[in-house]
Amino acid sequence: MAMLRTRNGLFVGTLFLIIAGLTVLAAARKKQEPPPVGDRQRVLHALNRFTFGPRPGDVDRVSQQGVDRWFEQQLQPEKISDSDLEARLAPLRTLRMDTREIVENFPPPQVIKAIIDGKETMPRDPTKRAVYEAEIARYEDKQDRKNNNDRKNEARKSDDIKGSATTTDAASAPANTSPESLSANKTEDDEKARRREAKLYADMKAEELLNMPPDQRMQEIMKMPLDEQRALLNGRSDTRDQVMATLSPQQRETAMALVNPQQVVQSEVMQAKLLRATYSERQLEEVMTDFWFNHFNVFVGKGADRYLITSYERDVIRPNALGKFEDLLVATAKSPAMLFYLDNWLSVGPDSEEARGLRRKPQNRGFGGRGRRRRFPPPPRPVKAKRNLDGLNENYGRELMELHTLGVNGGYTQHDVTEVARVFTGWTIREPRKGGDFTFEERRHEPGTKIVLGKKIKERGEKEGLEVLHLLAHNPSTAQFICTKLAQRFVSDNPPQPLVDRMAETFLKKKGDIREVLRTLYKSPEFWAPEAYQAKVKTPLEFVISALRATDADVQDATPLLGALQNMGMPLYGMQPPTGYSMKSDAWVNSSALLGRMNFALGLGNDKFKGVKANPAAVLGAQPPTDAHQTLSVFEQAYLDGAVSEQTHAAIVKQLDDPQITRRKLDDSTRSPNAGAIAGLILGSPEFQKR
């Protein structure tokens with residue numbers, strides 16, 4: 001809202017566009033006589049559904065190549081060069097690290113506490129050591145503040161007790177005058193003074209740092225007192241940005257880690273998602289990676305998943321996005337990110353050896369010791385049971401059937417949920433907070449036969465889980481559920497049942513081959529039907545990426561875009577429930593949501609996002625029009641393929657005489673209009689919200 005309020009001249013017009021948008025998008029959900037789909041619209045339709053939106057020139061390029069050939073090429077992403085994207089991703093080192101490396105380089109609080117408690121040792125590498133030292137100091141400062149607050153609270157309680165016990169008038173009694181209160185207040189005042197002083201010295205140091213070469217500058221930053229270092233790196237001034245600008249990517253990463261190592265990991269995986277969606281030539285692979293991550297949702301805000309999501313998307317989701325569904329299902333089931341998110345790593349069978357407190361079985365030593373072997377091993381001896389065992393956890397068993405495979409009406413019962421949970425006991429993680437991998441713990445596994453969907457699952461340890469996953473992956477209810485969601489993503493919010501049935505038939509016949517299912521969808525008359533054209537409303541992610549692609553934007557720093565998505569209600573990896581984000585328009589069409597989109601569109605058009613620059617010249621050419629109406633006409637054709645309603649066109653035309661768009665003074669008749677503002681109004685229009 002603040003962004004629109006600063007543009008007083010555009011405020012009324014943009015509100016009118018939002019109201020018009022609600023009207024147009026609501027009408028899109030009703031049955032109307034659809035326009036015919038010609039050859040150009042056919043190409044545009046494919047680009048809008050199988051990519052994150054066309055870039056300038058894409059429609060012409062795909063038309064020349066042939067849309068059928070282009071689609072088949074997208075189904076084979078390994079054959080498509082993505083060197084330009086890889087160059088953009090190169091500075092983000094965590095993308096190439098396994099989880100243990102990430103934890104080692106960017107320590108989470110558990111690792112820092114273990115070092116403070118003497119359970120772990122400090123790294124020898126000076127760069128890593130500096131990050132650890134900064135985190136230890138931050139941890140100790142946090143503890144000191146907590147202790148000081150506790151002292152203040154205790155002193156306040158003590159003063160209240162003393163005040164109530166005296167007969168002196170409360171109004172004349174001094175407040176918080178106990179030694180404890182005075183000491184706590186003094187500590188807080190000293191802390192504030194120390195921070196002000198540190199900021200002052202940091203500002204002075206920043207000026208010196210600007211005159212140093214990058215390597216020397218980084219060395220000086222690492223040698224700064226921690227208070228000054230934090231004050232410098234936490235700041236958001238132009239000087240601070242200049243200090244960081246000429247550092248190498250690894251040096252910038254280290255500097256950010258000195259402030260918040262966890263944030264480095266999250267920021268890099270989020271930036272990478274935006275960069276991939278915007279610049280990858282393997283667009284269908286990115287669309288399907290986003291689809292499957294949302295389907296097998298994991299929340300970045302939960303504990304160790306802050307570190308596990310990088311590997312989850314890279315090693316589990318993307319490699320299987322166009323493969324066999326069963327392979328993807330098994331990979332997610334064994335993923336530390338999923339095991340941690342749904343707590344299956346804690347699940348212990350009620351009758352397992354661990355729950356009953358039995359000792360571990362001896363391993364390959366012979367029985368009896370000292371070279372003498374017994375014919376049979378001794379029976380396991382009971383020991384005192386461990387406390388705080390978590391017991392059987394049904395979270396994964398329930399979500400596996402309800403959200404991952406069969407669907408809520410897929411024919412399973414609560415008994416099936418419990419039995420599946422018993423099957424997956426022992427599927428756990430080796431040291432999850434250190435980035436450990438999947439492991440199967442036999443001692444945690446529930447013994448005995450299980451019955452799942454009427455099928456007997458014999459006791460076979462880890463193989464029981466694989467048998468259940470195979471059973472679910474090939475179930476007709478799974479085929480219907482998965483194909484319905486795919487049709488909702490690519491065709492319409494309420495896809496025709498005959499289409500879903502044909503896709504499900506392919507799913508079962510081709511053993512869950514996702515490529516074949518997508519081919520069935522692509523070749524269907526329902527996909528190309530006029531009523532499917534422009535029938536979907538973009539999610540905030542799809543809207544942001546499509547705007548970046550349409551404007552040929554150069555994204556040097558994707559961080560501001562993350563904030564924009566947060567403001568629009570779709571933070572990356574930020575859906576806490578396992579349902580994932582909705583793909584239906586009802587979740588995203590309301591006045592508040594459209595206001596957020598208009599804010600983003602105007603900001604992008606006017607280069608208000610630092611590190612992100614739109615490129616109007618990609619559309620307007622080397623000699624842009626000098627007339628606002630001509631500029632509008634070019635943008636309407638480029639961004640909307642000319643398909644703009646009279647209502648939207650009239651609303652924008654009314655704004656073309658606004659001084660913020662004309663940029664002309666009384667004696668200036670030749671200045672070109674503010675093309676960015678006009679582009680922003682088009683990007684924020686209701687027509688651009690559809691795909």
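Me: Before I look at anything else, what is a nonpolar core?

Reply: A nonpolar core is a set of buried Ala, Val, Leu, Ile, Met, Phe, Trp, Tyr and Cys residues joined through side-chain atoms within 4.5 Å. The general idea is that in soluble globular proteins, nonpolar side chains tend to be buried together. Keep in mind that this is a predicted model. Here the largest nonpolar core has 140 residues, and the members that touch the most others are Phe50, Met288, Trp292, Phe490, Phe600 and Tyr639.

Me: Let's zoom in on one of those. Which residues does methionine 288 touch, leaving out those up to four places away in sequence?

Reply: Methionine 288 touches Ala321, Leu322, Leu486, Phe490, Ile514 and Leu518. Phe490 is also on the list of core members that touch the most others. There's a second, separate core too: it has 30 residues, including Ala130, Ile136, Val243 and Met244.

Me: Okay, now the whole chain. How many helices and strands does the protein chain have?

Reply: The count comes to 35 helices and six strands. Of the 691 residues in the chain, 51% count as buried.

Me: And how do I read contacts along the sequence? What share comes from residues 24 or more positions apart?

Reply: Take the contacts with a separation of 6 or more: residues 24 or more positions apart account for 73% of them. As for the outside, the chain exposes about 33,600 Å², and carbon and sulfur atoms supply 49% of that area.

Me: Next, empty space. How many cavities of 30 Å³ or more are there?

Reply: A cavity is space where the probe fits but cannot get out. This structure holds four cavities of 30 Å³ or more, and about 200 Å³ of space lies in the largest cavity. Of its 17 lining residues, Asp290, Asn294, Leu541, Met570 and Tyr581 are the closest to the centre. Two elements each give two or more residues to that lining: helix H16 (283–295) and helix H28 (540–550). H16 gives the most, with four residues. By class, the lining of the largest cavity splits into nine nonpolar, four polar and four charged residues.

Me: What about pockets, then? What is the volume of the second largest one?

Reply: Unlike a cavity, a pocket is an open set of points. The second largest pocket has a volume of about 1,200 Å³. It is lined by 32 residues, and the closest to its centre are Arg252, Met256, Gln271, Asp557 and Thr559. Helices H12 (226–234), H13 (238–245), H14 (249–259), H15 (261–279) and H29 (559–567) each supply at least two lining residues. The largest share, seven residues, comes from H15. Sorted by class, the lining of this pocket has 15 nonpolar, eight polar and nine charged residues.

Me: Last one: backbone angles. Where does lysine 511 sit, and what is its phi?

Reply: Lysine 511 is in the loop between helix H25 (497–509) and helix H26 (514–522). Its phi is near 55 degrees, a positive value in a residue other than glycine. Glutamine 534 also has a phi near 55 degrees, and that residue lies in the loop between helix H27 (525–528) and H28.

Me: Is lysine 511 buried or exposed, and why does glutamine 534 count as buried or exposed?

Reply: The cut-offs settle this: buried means under 20% relative accessible area, and exposed means over 50%. Lysine 511 counts as exposed because its relative accessibility is 54%. Glutamine 534 has a relative accessible area of 18%, so that residue is buried.

Notes. Residues are numbered from 1 along each chain as its sequence is written. This is a predicted model: local features need pLDDT of at least 70, side-chain atom pairs count only at pLDDT 80 or more; totals for chains, interfaces and linings use all residues. Side-chain values use heavy atoms; hydrogens and water are left out. On a 1 Å grid over the protein atoms alone, a cavity is a set of points where a 1.4 Å probe fits but cannot get out, and a pocket is an open set with protein on both sides within 12 Å along at least five of seven lines; lining residues have an atom within 4 Å of a point. Grid points are joined across faces, edges and corners, and a volume is the space filled by probe spheres set on the points. Ala, Val, Leu, Ile, Met, Phe, Trp, Tyr, Cys and Pro count as nonpolar, Asp, Glu, Lys and Arg as charged, and the others, Gly among them, as polar. Buried means under 20% relative accessible area, exposed over 50%, partly exposed in between (1.4 Å probe, protein chains only). Contact means heavy atoms within 4.5 Å. Accessible areas come from the Shrake-Rupley method with a 1.4 Å probe; for residues, only the protein chains shown count as cover.
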